[in-house]
Amino acid sequence: MQDNPKSALHADRRRRELDSLGDRGDVDVLVIGGGVTGVGTALDAASRGLRTVLVDKHDLAFGTSRWSSKLAHGGLRYLASGNVGIARESAVERGILMTRTAPHLVRALPQLVPLLPSVSMFEKSLVRVGFLAGDALRVTARTPSPVLPRSRRVDAERAAQLAPAV
């Protein structure tokens, strides 16, 4: 399948579009940075009918966000390293994305962590504490549970239904 030359991203198109902008002053939103946040911001603005321009020093997803999963996470990894403030801020931002800014783009994804017999009781407890901490972050961020359900245990039969490869 060949790319549509009008929609494909390449140097010629970039140069052509920059030239067409010129000194026009009719831009509603200028987004600087084509990482996941910038692209999401530009998409949101354009989908609302705003004339939107996104510029980046290099190319879309050039920086570190290109390697990430693009999850709007709640900061649990920050909490694990002791950065409680950043963890809470991340959870608050995720809640805002899910409830106000971009509920059409951000949704809760289920996560299944199999705790097999080979996993020690200490490791199982650590996993549970991590999920409880995530639940606490959700509550303190005031993200409603219908939007982001709390963690829960499932038995082996339900786990097999959710992830047959397990």
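Select helix 2, residues 36–47, and colour Gly38, Ala42, Asp44 and Ala45, which are the buried residues of this helix, buried meaning under 20% relative accessible area, with exposed over 50% and partly exposed in between, for a 1.4 Å probe and protein chains only. They lie on the same side of helix 2, because they cover an arc of only 165° around the axis, an arc being that of the directions from the helix axis to the C-beta atoms. The model you are viewing is predicted, so that local features need pLDDT of at least 70 and side-chain atom pairs count only at pLDDT 80 or more, while totals for chains, interfaces and linings use all residues. Residues are numbered from 1 along each chain as its sequence is written, and side-chain values use heavy atoms, with hydrogens and water left out.

Keep helix 2 selected and add strand 1 (29–32), strand 2 (52–55) and helix 4 (84–101), against which the buried residues of helix 2 pack; contact here means heavy atoms within 4.5 Å. Helices (H or I, at least four residues) and strands (E, at least two) are DSSP runs, numbered from the N terminus. Helix 2 has 12 residues and reaches 16 Å from its first C-alpha to its last, close to the 16 Å expected at 1.5 Å a residue, where the expected span is 1.5 Å times one less than the number of residues. Just after the helix, select Gly49, whose phi is positive, near 90°.

Next, show strand 1 and strand 2 together: they run parallel and are joined by four bridges, and two strands pair if DSSP finds at least two bridges between them. The chain crosses from strand 1 through helix 2 to strand 2 in a right-handed β-α-β crossover, a term used if, with the strands pointing away from the viewer, the path from the first strand over the helix to the second runs clockwise. Along the pair, Val29 stands opposite Thr52 in strand 2, and Ile32 has Val55 in strand 2 as its bridge partner. Strand 1 has Val29 and Val31 on its covered face, and Leu30 and Ile32 on the uncovered one. In a regular strand the side chains alternate between the two faces of the sheet.

Now move to helix 4 and select Ser90, which is found there. Ser90 counts as buried, at 11% relative accessibility. Not counting residues up to four places away in sequence, Ser90 touches His73, Gly74, Gly75 and Tyr78.

The next stop is Ala159 in helix 6 (residues 156–162), a buried residue with a relative accessible area of 14%. Leaving aside neighbours within four places in sequence, Ala159 is in contact with Leu112 and Val154. Leu112 is 47 residues from Ala159 along the chain, yet their C-alpha atoms are separated by 7.5 Å.

Finally, show the whole protein chain, whose secondary structure comes to six helices and two strands, running α-β-α-β-α-α-α-α from the N terminus on. Buried residues make up 19% of its 166 residues.
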